[in-house]
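Me: I am in my first year and still learning to read protein models. Could you take me slowly through one part of this one, the buried charged side chain and what surrounds it?

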Amino acid sequence: MAEIVQQRIENRIPELEQLERVGLFSKKEVKSMLKRATALEYKLHRLIITKVDFIAYIQYEINVLELIKKRRSMLEGESVERFTAQYTLLQTGHI
């Protein structure tokens, strides 16, 4: 179970680092997001999974996406790199 969770979290790291690099999130925020995602992943990989666990994870992902949209709109000049960061996250299904 831990290996699966670790792999899924490791797959997210480059995307979150890119969001940090373009200035949408601070290093502290990225670390917090990884911690929260790890906790939610573990809930989804335990023996007894409830619908509430899935809903919590989905709601977390929706909230992160909304935060990205808000912060992008606050930044006036959207660069190609910022657009690429969000597009990559949407394509991989991580956000």
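Reply: From the N terminus on, the elements of the protein run α-α-α-α, that is, four helices and zero strands. Please keep in mind that this is a predicted model, and that the protein has 95 residues, of which 33% count as buried.

The residue to look at is glutamate 41, whose place is in helix H2. Is glutamate 41 buried or exposed? With a relative accessible area of 2%, glutamate 41 is buried, because the cut-off for that word is a relative accessible area under 20%.

Which residues, then, does glutamate 41 touch once residues up to four places away in sequence are not counted? They are Val5, Arg8, Ile9 and Tyr57, and with two of these the side chain of glutamate 41 makes a polar link that can be described by a distance. With arginine 8 the side chain of glutamate 41 meets in a salt bridge, at 2.9 Å from N to O. Arginine 8 lies in helix H1 and glutamate 41 in helix H2, so this pair ties together parts that are 33 residues apart in sequence. The two partners differ in how much of them is covered, for arginine 8 counts as partly exposed at 38% relative accessibility, whereas glutamate 41 is buried. With tyrosine 57, in turn, the side chain of glutamate 41 is joined by a polar contact of 2.7 Å.

It helps to set this salt bridge beside others, since a search of the whole structure finds five of them. One of them is formed by glutamate 61 with arginine 12, where the closest N and O atoms are 3.1 Å apart. Here glutamate 61 lies in helix H3 and arginine 12 in helix H1, so the pair ties together parts that are 49 residues apart in sequence, and both glutamate 61 and arginine 12 are buried. Another salt bridge joins the side chains of glutamate 66 and lysine 69, at 3.9 Å from N to O. Glutamate 66 and lysine 69 are three residues apart in helix H3, and therefore about one helical turn separates them. Glutamate 66 is partly exposed, with a relative accessible area of 42%, and lysine 69 counts as partly exposed as well, at 41%.

Now look at the nonpolar side chains of the model. In soluble globular proteins, nonpolar side chains tend to be buried together. The largest nonpolar core in this model has 17 residues, and those with the most contacts inside it are Phe25 and Tyr60. Helix H1 (2-21), helix H2 (27-44) and H3 each supply at least two residues of this core, while the largest share, six residues, comes from H2. Leaving aside its neighbours within four places in sequence, phenylalanine 25 is in contact with Leu19, Glu20, Val30, Met33, Leu67, Ile68 and Arg71. As for tyrosine 60, its C-alpha atom is separated by 8.7 Å from that of arginine 36, although the two residues are 24 apart along the chain. Arginine 36 lies in helix H2, as glutamate 41 does, but arginine 36 counts as partly exposed, at 41% relative accessibility.

Links between distant parts of the chain can also be seen in the contacts as a whole: of those in the protein with a separation of 6 or more, 63% are accounted for by residues 24 or more positions apart.

Technical notes:
Residues numbered from 1 in each chain as written. Predicted model: local features only at pLDDT ≥ 70, side-chain atom pairs only at ≥ 80, totals over all residues. Heavy atoms only, no water. Core = buried A, V, L, I, M, F, W, Y, C linked by side-chain atoms within 4.5 Å. Buried < 20%, exposed > 50% of the residue type's maximum accessible area, 1.4 Å probe, protein only. Contact = heavy atoms within 4.5 Å. Polar contact = N/O pair within 3.5 Å; in protein donor to acceptor, adjacent residues only side chain to side chain. Salt bridge = Lys/Arg side-chain N within 4 Å of Asp/Glu carboxyl O.
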